[in-house]
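Biologist: Thanks for sitting down with me over this one. Could we go through the fold together, one question at a time?

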Amino acid sequence: MGEFVRLETRDGIGTIRLERPPMNALNTQVQEELRAAAAAATTDPGVRAVIVYGGEKVFAAGADIKEMADMSYVDMADRAADLSSALGAISRIPKPVVAAITGYALGGGCELALACDWRVVAEDAKLGQPEIKLGIIPGAGGTQRLARLVGPARAKDLIMSGRMVDAQEALRIGLADRVAPAAEVYDTAVELVRPYLTGPVQALRAAKLAVDAGLDMDLNSGLAWESQLFAALFATDDRREGMAAFVAKRKPDFTGR
């Protein structure tokens, strides 16, 4: 698909693979290739779940600082929204998405992981938002997604100190969902999403939309949004199949329609 990012599909799983040695730095080209990969994963009916993977050695060790070093305020004012939306495209994939993290997920790499629904982290991995050490703050969702995930106090600690956390601390604070040996990270991510491969596609999509969009609403608005999505699923074949299977005490055969 791209020079540094490609989408590989196998057995219903689309793997968005980063390959920009040595550290998968997220320069402008990588950002836009991630956007394209997210669009392809979204529209491909053969992709039922997505794994974002940087390879066996590193997930992504941040943005390309050399590319940004000489940028002015005017330059970044033009680019910042595109940077955020490129990684945000991963979060908007309407399918289950898991980050398989080896090595480092720092700065933009951590923000890319935060854009996923879950994070599987290698035992020796390090995660963090070290932008403060460069005199800046996270600019691709880190301040917002991290706070929603681990709470504002912990997010401020990580962002304002710029410190890295290991896998066990990440698991304890909710930044990681599973920890595995480095050699087993990808396979663990596969096992995490495997139950969704034969699930009701429209209901899974609705569940993700309900939770993600609801976080940005007040409670009453979120409940109304949930009700709309809930009612809409009664127009799907999978809803009819699911309820018929329940009544007949058999396993449902979902078709994604």
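Biologist: Let's start with a small residue: in which helix is Gly108 found?

Modeller: Happy to help, and please keep in mind that this is a predicted model. Gly108 counts as buried, because its relative accessibility is 8% and the limit for buried is under 20%. Its C-alpha atom is separated by 15 Å from that of Met76, 32 residues away along the chain. The helix that holds Gly108, spanning residues 108-114, is H4.

Biologist: Now the sheet: what is the order of its six strands?

Modeller: The sheet is open and its pairing is mixed. Strands E1 (5-10) and E9 (178-180) each have a single partner strand, so they stand at the edges with one side lacking a neighbour in the sheet. On average, neighbouring strands are turned by 20° against each other, direction ignored. The order is E1-E2-E3-E4-E6-E9.

Biologist: At the E1 edge, which residue in E2 is the bridge partner of Val5?

Modeller: E1 and E2 pair over six bridges in the antiparallel sense. Their hairpin has two residues between the strands, and Asp11 takes a positive phi there, near 55°. The bridge partner of Val5 in E2 is Leu18.

Biologist: At the other edge, which residue in E9 does Val121 stand opposite?

Modeller: Strand E6 covers residues 118-122 and runs parallel to E9, with three bridges joining the two. Across from Val121, in E9, stands Val179.

Biologist: How many of the five residues of strand E4 are buried?

Modeller: Look at the directions of the side chains: Val97, Ala99 and Ile101 point one way from E4, while Val98 and Ala100 point the other way, and all are buried. The strand, residues 97-101, is therefore largely enclosed by the rest of the structure. The count of buried residues is five of the five.

Biologist: And which residue in E6 is the bridge partner of Ala100?

Modeller: E4 is joined to E3 by four bridges, the two running parallel, and on that side Ile51 stands opposite Val98. E4 and E6 also pair in the parallel sense, over four bridges. In E6, Ala100 has as its bridge partner Val120.

Biologist: On to the aromatics: is the pair of Tyr53 and Tyr186 stacked or tilted?

Modeller: There are three aromatic pairs in the count. For Tyr53 and Tyr186, the ring centres are 5.0 Å apart and the planes stand at 50°. The residues lie 133 apart along the chain, Tyr53 in strand E3 and Tyr186 in helix H8. Stacked would need planes under 30 degrees apart and edge-to-face over 60, so this pair is tilted.

Biologist: Which of these two tyrosines, Tyr53 or Tyr186, is partly exposed?

Modeller: Tyr53 has a relative accessible area of 10%, so it is buried. Tyr186 comes to 25% relative accessibility. The partly exposed residue is Tyr186.

Biologist: What about Trp118 and Tyr196: is that pair stacked or edge-to-face?

Modeller: This pair links strand E6, home of Trp118, to the loop between H8 and helix H9 (201-214), where Tyr196 lies, 78 residues apart. Trp118 is partly exposed at 23% relative accessibility, and Tyr196 is partly exposed at 26%. The ring centres are 5.5 Å apart and the planes at 10°, so the pair is stacked.

Biologist: Last one, on the surface: what is the area of the nonpolar patch that includes Met23?

Modeller: Met23 sits in the loop between strand E2 (13-18) and helix H1 (28-43). Met23 is partly exposed, with a relative accessible area of 34%. Together with Tyr104 and Met164, Met23 makes a nonpolar surface patch of about 260 Å².

Notes:
Residues are numbered from 1 along each chain as its sequence is written. This is a predicted model: local features need pLDDT of at least 70, side-chain atom pairs count only at pLDDT 80 or more; totals for chains, interfaces and linings use all residues. Side-chain values use heavy atoms; hydrogens and water are left out. Two strands pair if DSSP finds at least two bridges between them. Axes are lines fitted to C-alpha atoms, for helices over the stretch in contact, and angles run from 0 to 180 degrees between N-to-C directions. Patches are made of residues with over 30% relative accessible area and no salt bridge: like charges are joined within 9 Å, nonpolar side chains (Val, Leu, Ile, Met, Phe, Trp, Tyr) within 5 Å. Accessible areas come from the Shrake-Rupley method with a 1.4 Å probe; for residues, only the protein chains shown count as cover. A salt bridge is a side-chain nitrogen of Lys or Arg within 4 Å of a carboxyl oxygen of Asp or Glu. Buried means under 20% relative accessible area, exposed over 50%, partly exposed in between (1.4 Å probe, protein chains only). Rings of Phe, Tyr and Trp (its six-membered ring) pair if their centres lie within 6.5 Å; planes under 30 degrees apart count as stacked, over 60 as edge-to-face and the rest as tilted.
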